[in-house]
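Trainee: I would like to learn how the descriptive words used for a protein model are justified. Could we go through them together, setting each value against its cut-off?

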Amino acid sequence: MKIIVLSINPYKEKDGIVRAISENESLTFLARGIKDPKSKNAALNNVLTIADIELMDGNFVHPILKSSKPLFSPLKVDMDAKYLASLMTIDEMMLNLFPEDEQQVMFEKLEKAVNSLKTTNDWLMTLLQFMAHTVKMGGFQLEVNQCVLCGATKNIVTFSFSDGGFICESCYQPEMEKDLTKEQMILLRKIVNCPDYRLKSSDYKNEDFLLLFGKFSQYIEEAFGYHFKNMRLLIDSK
Ligand SMILES: [Zn+2]
């Protein structure tokens with residue numbers, strides 16, 4: 001069974017209780033020796049590791065890890081602060097924005113996100129796309145293909161996060177948000193409509209990306225009722 005590790009809680013001296021998702025379910029299991037660097041299960045001691053595992057029932061409240069074969073490690077030689085903070089933020093979103101029994105809906109998007117982040121090191125783009133997927137899977141889809149209020153596809157004048165999408169000229173009210181440029185709205189549309197992680201932040205203006213990143217973070221905090229803890233590491237550090 002292919003799994004992605006979401007958290008590891010120490011148990012006894014060298015064991016760990018691992019929370020993970022597979023394509024179909026969210027699971028918890030005991031991994032013996034996971035804290036021992038020499039253990040064949042040691043690779044699982046990093047969140048967002050992808051592995052092929054086998055579980056067995058034993059004399060414990062959770063199933064017990066029988067064997068594991070690492071398929072992907074988020075660790076690499078040249079990890080900078082932003083790379084690590086991005087991994088932490090992705091994992092934080094997985095653990096806090098979805099109920100435990102629904103986290104598996106993100107399996108495919110999460111697998112692609114960690115792969116994309118490791119290959120491209122484009123933390124801003126990977127996180128923005130992951131956030132867009134999270135918003136969608138969490139049931140807070142933003143309307144970027146027509147006016148969210150009347151369905152018109154022409155004369156779009158603004159994007160309102162509080163209304164959940166594009167607003168056309170006839171639906172626009174003076175009290176609505178109107179702080180994105182046309183370029184930023186087009187970029188937002190691309191991010192929301194992109195099915196994977198193929199956009200590159202180098203193709204766009206960095207300040208547009210950072211602005212949308214801030215907007216998305218705020219939208220997620222309000223929609224999911226959650227306060228990000230690792231975000232400061234991304235915005236403040238160079
Ligand atoms: Zn309208």
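Mentor: Let us begin with a definition: four donors count as tetrahedral if all angles lie between 85 and 135 degrees, four count as square planar and six as octahedral if opposite donors are over 155 degrees apart and all others between 65 and 115, and anything else is irregular. Please keep in mind that this is a predicted model, in which local features need pLDDT of at least 70 and side-chain atom pairs count only at pLDDT 80 or more, while totals for chains, interfaces and linings use all residues. Residues are numbered from 1 along each chain as its sequence is written, and side-chain values use heavy atoms, with hydrogens and water left out.

Trainee: What makes the site of the zinc ion tetrahedral?

Mentor: The angles among its four donor atoms are 104 to 114°, and the definition asks for angles between 85 and 135 degrees, so the site is called tetrahedral. For comparison, the ideal angle for four tetrahedral donors is 109.5 degrees.

Trainee: How do you know which residues are the protein donors of the zinc ion?

Mentor: Donors are N, O and S atoms within 2.8 Å of the metal (3.2 Å for Na, K and Ca), and sites may look incomplete because water is not among the atoms. The SG atoms of Cys147, Cys150, Cys168 and Cys171 lie 2.3 to 2.4 Å from the zinc ion, so they count as its protein donors. In sequence these donor residues follow the spacing C-x2-C-x17-C-x2-C. Within this set, Cys150, in the loop between strand E6 (143-147) and strand E7 (156-160), and Cys168, in strand E8 (residues 165-168), are 18 residues apart and link distant parts of the chain; here helices (H or I, at least four residues) and strands (E, at least two) are DSSP runs, numbered from the N terminus.

Trainee: Why is Cys150 called partly exposed, and is Cys168 buried or exposed?

Mentor: Buried means under 20% relative accessible area, exposed means over 50%, and partly exposed lies in between, with a 1.4 Å probe and protein chains only. Cys150 has 45% relative accessibility and therefore counts as partly exposed, whereas Cys168, at 3%, counts as buried.

Trainee: What makes Leu48 and Asn155 stand on opposite sides of those cut-offs?

Mentor: Leu48, in the loop between strand E3 (26-31) and strand E4 (50-56), has a relative accessible area of 0% and is therefore buried. Asn155, in the loop between E6 and E7, has 53% and is therefore exposed. Neither is a glycine, yet phi is positive in each, near 70° for Leu48 and about 55° for Asn155.

Trainee: How do you know that the span of helix H3 is close to the expected one?

Mentor: The expected span of a helix is 1.5 Å times one less than its number of residues. Helix H3 (residues 123-137) has 15 residues and reaches 21 Å from its first C-alpha to its last, close to the expected 21 Å. H3 is also mostly covered, with 13 of its 15 residues buried.

Trainee: Why are H4 and H5 called oblique to each other?

Mentor: Angles under 35 degrees count as roughly parallel, over 145 as roughly antiparallel, 65 to 115 as roughly perpendicular, and the rest as oblique. Axes are lines fitted to C-alpha atoms, for helices over the stretch in contact, and angles run from 0 to 180 degrees between N-to-C directions. The axes of helix H4 (residues 182-193) and helix H5 (residues 206-224) come within 10 Å and cross at roughly 60°, and H4 and H5 are therefore oblique.
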